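Here's a quick briefing to read alongside the structure. It starts with how far to trust the model, then works through the sheet, the helices and the cysteines.

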Amino acid sequence: MVRTGSASVAAGPTLAVVAREAGVSVPTASKVVNGREDVAPETRRRVTEALDRLGYVRRPRFDAAKASGMVDLVVHSLETSWSGAVLHGVEAAAHDAGLEVVVSAGLTRNRAGRPDRGWMDKLTARGSSGVLFNLAELTSSQYGWLDQHRIPYVLIDPVLEPPPGVVSVGAANWQGGVTATEHLLALGHERIGVVAGHQRKMCSSARVAGYRSALAAAGIRQRPEYVRHAGFDESAAHRRTLELLDLPEPPTAVFVCSDHMALRVYEALAERGLRVPDDISVVGFDDLPEARWTTPALTTVRQPLSEMAATALRLLVRMMEGDRPESTRTELSTRLVQRASTAPPRD
C-alpha cells in the first residue's frame, strides 16, 4: 500500500523558532532538547524557558521496539519515469515486508533551495520506522539530525559522496561508461563525444571516468573538447550537442549520460539535418521507457532502478531490526541494451 503526501503535524513552534527566541543556534537548542551535557548552565536556562514559554513539543527519539509498520520514501520529483521505476521497486519490496510507504517529493530543500527542516518534524510526527532518500542532497545537519534521532535511513543513488558509514545503493556507473564506450569503439568509432551530467555528482563523474578508461585501454587519444557537461538539464544537453557539432572535427558518436538528455540530443542532430545512426551514433544511459519509444529506438546502458530501490528497502528493513549491513555501499550491475541508434561510422 502506498500513501502519497504527508500527515498533518500538530501546531507548534519549530526548534529554529525556539533557538531564535533564546538567542542561541539551532544545534545548541537541539543539545538542550536532547539532554546533552555540553551546554553552559545559563544557556540551558534560556533555552528551557523558551521551550516552556513557546510550548515546544519534545519529540521522542526513534525506538525500534515501538516502530510503526511505515517507512518514508523521499524522492526528488514524482513527474518522471525514473521516479516511477523507483516507486515500483520500493512498493513491491515493502509489500513483501508488510510495510506501508509514505511518498514525499522534494522535501529536503525549500523553494529557495535551502535545507528544509519541516520534513524532519513531519517524519517524527508520523512515527515512521525508517527513510529512503532517492537523489537527495542532504546537508551535514540533516545527516546529523537523522543520526541523533537514531532513525534508520538508506540512500538510493546518492547525488554526492555520502559521509562515512552511511548506507547507500547505486549502479555500477563507471562500468556502464566503459560498456557504452567499448560498444562504440567496437563499431569502429574513434571520435566519441560525451554529453555528461554534473561534474561534481557521483554518477556523472563515474560514467565519464569509465568513458575515459575505455578510450585509454583502446589507445585512443582523449580529446577534452569532446566532453561537455549539461548538468542533466535537457535544454543544456541540446546546446552542448550543437557545440560538439560545431567543432572543427566533430564526433561521429555521442555517449549521453541520461536517456532524457539523449532525446534532446536527437532534436539537436535533427536540426542540423543529421540522421541517427546513419550520420552519428547515440548511446544513452538509464533504459527508461522513453528509450524504447523514440525513433530510432535508443541504444542505452540499463541501470536497474527498480531493483536498486527494492534492495534499499530490504537493507532498511534489516537496519530497522538492528542489523547493520556489512558494506555501506551496494552497487548493482549495469548492462548495454542495444537497439537501433548505433552503427559503424560513415566512411
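This is a predicted model, and pLDDT stays under 50 over residues 1–11, a stretch for which the model has 23 contacts beyond four places in sequence. Residues 60–66 also have a pLDDT below 50, with 12 contacts in the model beyond near neighbours in sequence. Across the protein the average pLDDT is 87, and 88% of the residues score at least 70.

**The sheet**

- You're looking at an open sheet of 6 strands with mixed pairing, in the order S8-S7-S9-S10-S11-S13.
- Strands S8 (227–229) and S13 (335–337) sit at the edges with a single partner strand each, so one side of each has no neighbour in the sheet.
- From one strand to the next, the twist averages 20°.
- At the S13 edge, S11 (residues 299–302) and S13 run antiparallel and are joined by 3 bridges.
- Arg302 has Arg335, in S13, as its bridge partner.

**Helices on the sheet**

- H7 lies across S7 (192–196), S9 (253–256), S10 (281–286), S11 and S13, and it runs at about 160° to S10.
- Helix H9 (residues 234–245) packs on the sheet too, touching S7, S8 and S9, and its direction makes about 160° with that of S7.

**A closer look at H7**

- H7 covers residues 173–186, 14 residues in total, and spans 20 Å from its first C-alpha to its last, close to the 20 Å expected at 1.5 Å a residue.
- Its buried residues are Asn173, Gly176, Gly177, Val178, Ala180, Thr181, His183, Leu184 and Leu185.
- As background, an α-helix has 3.6 residues a turn, so residues three or four places apart point the same way.
- After H7 comes Gly188, with a positive phi near 110°.

**Glu234 in H9**

- Glu234 is found in helix H9, and its relative accessibility of 36% makes it partly exposed.
- Setting aside neighbours within four places in sequence, Glu234 is in contact with His260, Met261 and Arg264.
- Gly197 is 37 residues away from Glu234 along the chain, and their C-alpha atoms are separated by 10.0 Å.

**H6 and its tryptophan**

- Helix H6 (residues 140–148) contains Trp145.
- Trp145 counts as buried because its relative accessibility is 6%, and Gln142, Tyr143, Leu146 and Gln148 of H6 are buried as well.
- Trp145 and Ser30 are 115 residues apart along the chain, with 9.2 Å between their C-alpha atoms.
- H6 is followed by Arg150, whose phi is also positive, near 55°.

**Cysteines**

- How many disulfides does the model have? The count comes to 0, using a cut-off of 2.5 Å between cysteine sulfur atoms.
- Why is Cys203 not bonded to Cys257? The sulfur of Cys257 is the closest cysteine sulfur to that of Cys203, but at 8.1 Å it is too far for a bond.
- The same pairing holds from the other end, since the sulfur closest to that of Cys257 is in Cys203, again at 8.1 Å and too far for a bond.
- Are these two cysteines buried or exposed? Cys203 counts as buried at 10% relative accessibility, and Cys257 counts as buried at 0%.

Terms used:
Residues are numbered from 1 along each chain as its sequence is written. This is a predicted model: local features need pLDDT of at least 70, side-chain atom pairs count only at pLDDT 80 or more; totals for chains, interfaces and linings use all residues. Side-chain values use heavy atoms; hydrogens and water are left out. Helices (H or I, at least four residues) and strands (E, at least two) are DSSP runs, numbered from the N terminus. The expected span of a helix is 1.5 Å times one less than its number of residues. Buried means under 20% relative accessible area, exposed over 50%, partly exposed in between (1.4 Å probe, protein chains only). Two strands pair if DSSP finds at least two bridges between them. Axes are lines fitted to C-alpha atoms, for helices over the stretch in contact, and angles run from 0 to 180 degrees between N-to-C directions. Contact means heavy atoms within 4.5 Å. pLDDT is the predictor's confidence in each residue, from 0 to 100.
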